[in-house]
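Visitor: Hello! Could you walk me through this model, one question at a time?

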Amino acid sequence: MLDPSTERQPVTNSRIAMRARPTGPLQLQHFERHDEPLRDVLPDEVLVENEMLSVAAAARASMEMDTYRPQLVVGETIPSTVIGRVLRGPEDGPAVGSLVAGFAGWERYSIMRADQLRVLETPAPIEQYLSVLGQNGLTAYFGLTTVGRVAAGETVVVSGAAGGVGHLAGQIARSLGARVVGITSSDDKNTALIGRLGFDAAVNRRSSTFLDDLTRSVPSGIDVYFDNVAGPVTAGVLPRMNRHGRIVCSGATSAYQGGARGVTGFEDLALTAITRSLRLEGFLVGDFRAEWTEATSVLSAWRRSGRITSIETITTGLDSAPAALLELLDGQNLGQFGVALRA
Ligand SMILES: NC(=O)c1ccc[n+]([C@@H]2O[C@H](COP(=O)([O-])OP(=O)(O)OC[C@H]3O[C@@H](n4cnc5c(N)ncnc54)[C@H](OP(=O)(O)O)[C@@H]3O)[C@@H](O)[C@H]2O)c1
């Protein structure tokens, strides 16, 4: 914390950076910790002491390719959402001591522009600002409402359904009155989706009977496909889409580890889209920034009323972040992964 008598800022920052660019499966050796002097805070900037960091699939993509942000450079901090307390900032910015969310990286302190921060005023457990009340909740919400335009009675399939975005997407689709089928890589996760989160059915993408199981789970076909993973899973979903169906392109996790591309040839996609009058739309949650406050109120009400259960798995300590990302990419997570910087 700032010493109020001297107003001195912390002098050392710790951060996890990319040590080497991965070109295949991610390993711990691709990361390294830096302990170094914290740079000065400029007059229009806010110094935040982070309490919680997100562990997200997109961080892996950034290590290898341009995404919503330019490809990471060796030595740069791994990008993430950060939740923390304001230590110092301009008078017209968030108050000292307030809880804020921003986009920075795996580090103890972040320096961000005041207009890039969201002040978190809804009383909720802090980890939920990474999930249902954060970017993943908003991604699921806008993907299903504005992009997917889900209507009651429709069938929605969600890939990566037990993940940070996916477990919320399935429940939001249920809240909108849809029948929901999840796709994951494990029977245990599927049991949790149905038993704890109210999914109507779930299928295992690693099963040898995946395509038959998928067909059986959607007897009326698929109206909306909320796609987090792309690749072979999506190739399996496409032939089961109904006329005038919508494919919501949220993410392409199967391509983030530098794996084989082009499993779904564009010609196949185009032919399916044409003959079934499909709409396929990609989006970034930032496209809807102007509506975040309103959507967060809706999600917050659904969370309080129990219509949505958010699941978070939190590890402790900055150094735990790389291993958590490896586990997430390996499909070992149920719900949102995050890192608490203090026990
Ligand atoms: N559009 C936006 O604005 C926006 C915002 C936030 C996130 N996203 C995207 O949303 C997606 C989910 O992000 P998240 O952080 O919540 O991650 P996550 O879903 O919690 O974790 C990734 C999951 O992807 C699945 N997966 C990994 N490798 C795969 C492969 N080769 N093929 C199929 N599935 C694979 C695994 O689940 P299973 O093994 O159980 O299948 C894994 O648990 C990401 O693609 C991310 O980029 C988009």
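Guide: Gladly; the questions below go from the ligand to the core and then to a few single residues, and please keep in mind that this is a predicted model.

Visitor: Which residues of the shell around the ligand are the closest?

Guide: Begin with the whole set of neighbours: 27 residues surround the ligand. From that set, the closest are S185, K189, Y256, V285 and N333.

Visitor: How far is an oxygen atom of the ligand from an N or O atom in the side chain of S185?

Guide: A polar contact needs a pair of N or O atoms within 3.5 Å. Here the pair joins a ligand oxygen and the side chain of S185, and the distance is 2.6 Å.

Visitor: How much of the ligand does the protein bury?

Guide: Start with the ligand taken alone, which exposes 920 Å². Of that area, the protein buries 89%.

Visitor: Which domains each give at least three residues to the shell around the ligand?

Guide: By class, this shell has 12 nonpolar, 13 polar and two charged residues. At least three of the shell residues come from each of domain 1 (12-127 + 311-340) and domain 2 (135-285).

Visitor: Which element supplies the largest share of the largest nonpolar core?

Guide: This core has 45 residues, and I83, L144, V156, I172 and L299 touch the most other members. Several elements each supply at least two residues, among them β5 (99-105), β8 (155-159) and α8 (292-305). The largest share is six residues, and the element supplying them is α2.

Visitor: Is N228 buried or exposed?

Guide: Look for N228 in the loop between β11 and α6 (231-237). Its side chain reaches the backbone oxygen of S159 at 2.8 Å. The relative accessible area of N228 is 9%, and a value under 20% counts as buried, so N228 is buried.

Visitor: In which strand is the place of H244?

Guide: H244 has a positive phi of about 65°, although it is not a glycine. To place H244, look along residues 241-249, which form strand β12.

Visitor: And S277, is this residue buried, partly exposed or exposed?

Guide: S277 sits in the loop between α7 (266-275) and β13 (279-282). Its phi is positive too, near 50°, in a residue other than glycine. Buried means under 20% and exposed means over 50%. The relative accessibility of S277 is 29%, so S277 counts as partly exposed.

Key
Residues numbered from 1 in each chain as written. Predicted model: local features only at pLDDT ≥ 70, side-chain atom pairs only at ≥ 80, totals over all residues. Heavy atoms only, no water. Near = heavy atom within 4 Å. Polar contact = N/O pair within 3.5 Å; in protein donor to acceptor, adjacent residues only side chain to side chain. Areas by Shrake-Rupley, 256 points an atom, 1.4 Å probe, with all protein chains shown as cover. Nonpolar A, V, L, I, M, F, W, Y, C, P; charged D, E, K, R; others polar. Domains from an automatic or database assignment. Core = buried A, V, L, I, M, F, W, Y, C linked by side-chain atoms within 4.5 Å. Buried < 20%, exposed > 50% of the residue type's maximum accessible area, 1.4 Å probe, protein only. Helix = DSSP H or I, 4+ residues; strand = E, 2+ residues; numbered from the N terminus.
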